[in-house]
Amino acid sequence: MRDGVTSILAIEDDADIRQLLRALLDREGYTVTEATNGRDGLRIFHQARPDLVILDVGLPDLDGWQVLERIRDMSDAPVLVLTARSSEQDKVRGLNAGADDYLTKPFSRVELLARLQAIRRRQVANTTPRAMFDDGSVQVDFAHQQVSVGGQSVLLTPTEYRLLSALVRHAGQILSADQLIELAWDDPSGLAPARVKYAVLRLRRKLDWDDPDESPLETVRGFGYRYRAAR
Ligand code: CA
């Protein structure tokens, strides 16, 4: 079975970058189509249904965020966002808006290929349900709903267990309080985001993760929570 991505649509108004992308991706065996603005990009996306989109944020008509929103209305195809700015805000915005990854210009061939590899790996991981999460520090046995940290078995409440499971299944990604409510509570209707905050505090205390610099369970102010992927 192929792992999915063979055709790529590059939406980028800068001719030099388009040419660079085409040269790099051709050499790796991808089929590349190009669009120079957001409207053409969406039209081609609709017709060609590429496996992956590389999307520049700074486009002349629709900006990249608008294009991303419309792509997300139609499809789950992975989107790699190209951004000229390296601010954390921009990255977070891209990931919250449904981008799968981002790359800051100027980028190297190695960086581009690494991001594409990472997206492909995540796709494969997402379609194969994992029975176990284990990053060397935290082990979650999804089949038996058992958690151990540093080799010690930990007893969690069902909500704490689902909260931790959701976070480790999305290790490295920021999940908003609303997303966590959907993922971890039996009856999410009407729950306030503060519930997540307190559940996270309790979970941290139970797992001895209180130190904010050391805690694998990170609060990303204004956006949500993230389980730091172990290095
Ligand atoms: Ca541009």
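## Two domains

The domain assignment splits the protein chain into domain 1, covering 7-125, and domain 2, covering 132-227. Keep in mind that this is a predicted model. Taken over C-alpha atoms, the centres of domain 1 and domain 2 sit 30 Å apart.

## The sheet and a helix across it

Let's start with the strands. Five of them make an open sheet, in the order E2-E1-E3-E4-E5, and the pairing is parallel. At the edges you'll find strand E2 (31-35) and strand E5 (101-104), each of which pairs on one side only. Going from one strand to the next, the twist averages 20°.

Inside that order, E3 and strand E4 (residues 79-83) are joined by four bridges in the parallel sense. If you want a spot to look at, try Val53, whose bridge partner in E4 is Val79. Then there's H1, which lies across E1, E2, E3 and E4 and runs at about 170° to E2.

## The calcium site

Which protein residues hold the calcium ion? The donors are Asp13 (OD), Asp56 (OD) and Gly58 (O), and they lie 2.1 to 2.3 Å from the ion. Along the sequence, the donor residues follow the spacing D-x42-D-x1-G. Asp13 and Gly58 come from distant parts of the chain, 45 residues apart. Asp13 is in the loop between strand E1 (7-11) and helix H1 (15-27), while Gly58 is in the loop between strand E3 (52-56) and helix H3 (64-74).

How open are these two donors? Asp13 has a relative accessible area of 34%, so it counts as partly exposed. Gly58 is partly exposed as well, with a value of 46%; the cut-offs for that class are 20% and 50%.

## An aromatic cluster

Now for the rings: the model has two aromatic pairs. One of them is Phe133 with Tyr227, an edge-to-face pair at 5.8 Å centre to centre with 85° between the planes. This pair also links distant parts of the chain, with Phe133 in strand E6 (residues 132-134) and Tyr227 in strand E12 (residues 224-227), 94 residues apart. Phe133 is buried at 6% relative accessibility, and Tyr227 is buried at 1%.

Tyr227 also pairs with Trp209: the ring centres are 6.2 Å apart and the planes meet at 50°, so this pair is tilted. Trp209 belongs to the loop between helix H8 (193-207) and strand E11 (217-220), 18 residues from Tyr227 in strand E12. Trp209 and Tyr227 are both buried. Put together, the ring pairs link Phe133, Trp209 and Tyr227 into a cluster.

Definitions and conventions:
Residues numbered from 1 in each chain as written. Predicted model: local features only at pLDDT ≥ 70, side-chain atom pairs only at ≥ 80, totals over all residues. Heavy atoms only, no water. Domains from an automatic or database assignment. Donors = N, O, S within 2.8 Å, 3.2 Å for Na, K, Ca; no water. Helix = DSSP H or I, 4+ residues; strand = E, 2+ residues; numbered from the N terminus. Buried < 20%, exposed > 50% of the residue type's maximum accessible area, 1.4 Å probe, protein only. Pairing = 2+ DSSP bridges. Axes fitted to C-alpha atoms, helices over the stretch in contact; angles between N-to-C directions. Contact = heavy atoms within 4.5 Å. Phe/Tyr/Trp six-rings, centres within 6.5 Å; stacked < 30°, edge-to-face > 60°.
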